[in-house]
Amino acid sequence: MRKHFAFVALALCLGAGFSAYRGGAAAQADPRQKAYATEPDWNDPQRLIPLNYQQARGKRLFYQYCVWCHADATPAGPSNRANLNPVPPLLNDGAALNGKSDEFLLEITTLGGSAMGKSAMMPPYGRTLTREEIQALIAFARAIAQPPYQPPAPR
Ligand code: HEC
């Protein structure tokens with residue numbers, strides 16, 4: 001009797017584990033998640049830029065926190081950018097950002113404009129986002145840059 005009970009309990013556990021596993025796989029395969037696997041080139045919306053995991057994470061954060069000031073209306077979405085002075089660079093503006101190091105972009109996003117001798121309209125995100133999230137934002141900026149971003153040669 002005890003043995004029988006143990007067997008039934010084991011079978012139930014395995015069953016539950018298996019359906020949880022299947023559930024996870026189904027969630028990953030949800031085609032709607034693909035919306036974050038690419039970003040249209042803002043200069044040529046017909047062209048889709050593939051994003052890796054970190055860049056896609058940056059894209060989600062960009063559309064939550066930064067799009068309001070660092071994008072124009074299309075294809076990135078609604079923005080207040082044109083009303084700001086100084087006008088913030090578009091996040092894909094390679095001419096403005098390619099020459100700036102990852103460290104600089106990380107610092108200004110963490111500390112905000114005021115701390116870096118720039119406009120206080122650029123908010124500090126160091127207590128809102130983690131370092132990894134800010135690195136993901138930079139990875140996204142680098143991925144969508146026009147002209148394209150070339151990482152500095154290793155020294
Ligand atoms: C309320 C508007 C606003 C929001 C929201 C905003 N920014 Fe900014 N950002 C600015 C302004 C304005 C500047 C320009 C500062 C200057 O040049 O004096 C700027 C500058 C920057 C710069 C420096 C660009 C350069 O050429 O030196 C970076 C990098 C940046 N923002 C990243 C971000 C990121 C990443 C986010 C989202 C986490 C974000 N910003 C959200 C307004 C904003």
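The paragraphs below lead through the structure from its overall build to its core, one helix pair and some single residues.

This is a predicted model, in which local features need pLDDT of at least 70 and side-chain atom pairs count only at pLDDT 80 or more, while totals for chains, interfaces and linings use all residues. Residues are numbered from 1 along each chain as its sequence is written, and side-chain values use heavy atoms, with hydrogens and water left out.

The protein has five helices and two strands, where helices (H or I, at least four residues) and strands (E, at least two) are DSSP runs numbered from the N terminus. Along the sequence these elements follow the pattern α-β-β-α-α-α-α. Of the 155 residues in the protein, 30% are buried, a word that stands for under 20% relative accessible area, with exposed meaning over 50% and partly exposed in between (1.4 Å probe, protein chains only). If one takes the contacts (heavy atoms within 4.5 Å) between residues at least 6 apart in sequence, 49% of them join residues at least 24 apart.

The largest nonpolar core, meaning a set of buried Ala, Val, Leu, Ile, Met, Phe, Trp, Tyr and Cys residues joined through side-chain atoms within 4.5 Å, holds 22 residues, and those that touch the most other members are Trp42, Phe62, Leu91, Leu129, Leu137, Phe140 and Ile144. Helix H2 (53-70), helix H4 (102-111) and helix H5 (131-144) each supply at least two residues of this core, and H5 gives the most, with six residues.

H4 and H5 also form a pair that can be followed in detail. Their axes, which are lines fitted to C-alpha atoms over the stretch in contact, with angles running from 0 to 180 degrees between N-to-C directions, come within 10 Å and cross at roughly 125 degrees. H4 and H5 are therefore oblique to each other, since angles under 35 degrees count as roughly parallel, over 145 as roughly antiparallel, 65 to 115 as roughly perpendicular and the rest as oblique. On the H4 side, Asp102, Leu105, Leu106, Thr109 and Thr110 meet Arg131, Ile134, Gln135, Ile138 and Arg142 in H5. The buried residues of H4 are Leu105, Leu106, Ile108 and Thr109, and these pack against helix H3 (94-97) as well as H5. Just after H4, Gly112 takes a positive phi of about 85 degrees.

Two single residues show contrasting surroundings. Lys59 lies in helix H2 and counts as buried, because its relative accessibility is 7%. Leaving aside neighbours within four places in sequence, Lys59 is in contact with Ala35, Tyr36, Thr38, Glu39, Leu51 and Phe140. Asn43, by comparison, sits in the loop between strand S1 (38-41) and strand S2 (44-50) and is exposed, with a relative accessible area of 54%. Not counting residues up to four places away in sequence, Asn43 touches Asn92 and Gln146; the C-alpha atoms of Asn43 and Gln146 are separated by 7.6 Å, although the two residues are 103 residues apart along the chain.

Gln146 leads on to the cis peptide bonds. A cis bond joins Gln146 and Pro147, with omega about -5 degrees, and Pro147 is placed in the segment after H5. The peptide bond from Asn85 to Pro86 is also cis, with omega near 0 degrees, and Pro86 belongs to the loop between H2 and H3.
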